[in-house]
Amino acid sequence: MPSLFLFPLRFCHARRYDLATWGMMLILILWSGGVHIVLPNHGGSGLALPQNIVTWGAMALIALWCAGTQRVGKYSSGFVLPPGTGLLIAGVILWTLPLLWSPKAAWRLNAAPRCLALWAMAGFYLVLLFATPCRNIRRPVLAIISAGAGMQAAHALWQLSGIAILPGGRPYGSFQQVNVLASCLATGIACALWLFLHHARRTSRRLSGTALVVLPAVLALLQSRAGTLGAVLAVGVLLTTGRRAPVWRALALLTAGAGAGLLWLWAGPLVLPEWAPPLIDKTSSTHSRLYMLQVTWQLIRQHPVTGNGYGGFEALYGQLAQIMTPGLEAATVKYPHNELLFAWAEGGMVAVLGLLLMVAGVVKRFCSASGTGIAGLAFLLPIAVHMNLEYPLYQSATHSLTLIMLLVIGGPGVKRLAIDPGRSLRGVIPIARAGRWVTGATATAGLLFMITGLQTQHRLTRVEQQGLKPLVSNEPQVLASLYNPWSQASRLDFDRHVALLLRFNHTRDPALLDAFRRWGTRYSETHNDPEVYASLLAIARAQRLPEADRLCQQAHGRWLSDPRFRCQ
């Protein structure tokens, strides 16, 4: 924990930063410790995870602080955006456009949250470009990221003490997903390596050297192929940017850490089996990923130019899996574990072009005169690898924040134009003030949304832990107790309709079954859920509806081994 505060103070004491920058770094430090408090939840992604709500709240707080501490129109008559910013914004616009022509309203509603999230990330990035000195805070931000990764590694090692109850027998830190933790550690390794190679202070080099031993050791214990690949690529690139002597020392530390982790992975079960994670067989995972890519490619071939429609991947994937053995196998597949294929399958060439423009904007920023160059690309490699082998940005807002911070420090900030004595500032100052107020109002609304959303998430989790009994007995009272039902809209909608079935068990009112059947039919046009299909099938059979056979055939094709879907 001391390293979390020592790095920024050591790096910053010789520099004079403005209030906005100091406040941003303080919030980042407090947030990096606070995300280790895992609040009760039932998993999932997006705002269903309280850690994501806290992270979005931290971003809103930083934006609000920056807006409130910026001086407007006093020292400049305008500004120039840094290289790559236009490409990034154009990419975001193009990536979002296919939402407009997605064929179904339910699909558009399903895709809207991730489009809003991307725009929120872009807005937050622009705020930091205007409010901070960007490249001048490179070292403290890298230190905070590497220290945060170190805290996650410590959390993971602590979880080894209860390995018997860990899902899959592998620690996951506070992310609740092994591969997401692995990409966090890989990013921390890249940041610590740059600090070790390019910062000569003895204390900081000792701390970053310690991280180069601990983080690879824990990463080896996780047995994450995507995390390991991202770390290896980032390390390989960064080692080319340092002097020979530090490079060899860094390589020795990395090898020692990875070797210690691998040694414990193989010898641990013989020495302390209760502290050693089991070896994971990747064969079934490899087959599942290959099958996933095959089905996704078939979707792309159906509409390679226009795409199949934003928000429709899950439903369309289920329809193809129904006729392609072995089917879904798991409950559902919402994402093909590849961002490029995902954009292509749903949004067609417009979404792909938007994605490529964003990548071009990142490269242009890093390769500008004041950019980090190849080192900046190395920092992003662990997250980039996971975006094309996993899905961290949909699972973890922490990765979104990390990505933005690495982009911010990768190049210069907004260039302020000197005041022209012959130019009137009457139009400049009101526009600048309006931008400041809009930023502050938006950030305030976002912060309030996340605070109330955290209460709603916690309350809804408690209702689910009680088997939805409060919704069954008194739905209006439960709804009234939720401060922000919009933050959990799809989850609340699902729970409310499952509660109809539970209520039917007490009242035997057939209208409840009809209401669930209408909702379940609409729900299945966008989602694949074996529990919903099983309920729809049971209702259709009980009411002797002609659609029972069709439902059974659909469900059996998707979940071949599920005994509930044995058809006549």
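A disulfide here is a pair of cysteine sulfur atoms within 2.5 Å. Keep that cut-off handy as you click around, and remember that you're looking at a predicted model.

**First stop: the bonded pair.** Select Cys-552 and Cys-567 and show their side chains. Their sulfur atoms sit 1.9 Å apart, and the two form a disulfide. Don't go hunting for another, since the structure holds one disulfide. Now look along the S-S bond of Cys-552 and Cys-567: the torsion is about -105°, so this disulfide is left-handed.

**Next, colour helix α23.** Select residues 548-558 to pick out this helix, which carries Cys-552. Cys-567 lies in the segment after α23, and the pair, 15 residues apart, links distant parts of the chain.

**Switch on the surface.** Is Cys-552 buried or exposed? Cys-552 has 1% relative accessibility, so it counts as buried. Its partner Cys-567 is partly exposed, with a relative accessible area of 27%.

**Then move to Cys-184.** Select Cys-191 along with it, because that residue holds the closest cysteine sulfur, 9.5 Å from the sulfur of Cys-184 and too far for a bond. With the surface still on, you'll find Cys-184 buried, at 14% relative accessibility.

**Last stop: Cys-367.** This cysteine is in no disulfide either. Which cysteine has the sulfur nearest to Cys-367? Select Cys-134 and draw a distance: its sulfur is 17 Å away. On the surface, Cys-367 counts as exposed, with 54% relative accessibility.

How values were computed
Residues are numbered from 1 along each chain as its sequence is written. This is a predicted model: local features need pLDDT of at least 70, side-chain atom pairs count only at pLDDT 80 or more; totals for chains, interfaces and linings use all residues. Side-chain values use heavy atoms; hydrogens and water are left out. Helices (H or I, at least four residues) and strands (E, at least two) are DSSP runs, numbered from the N terminus. Buried means under 20% relative accessible area, exposed over 50%, partly exposed in between (1.4 Å probe, protein chains only).
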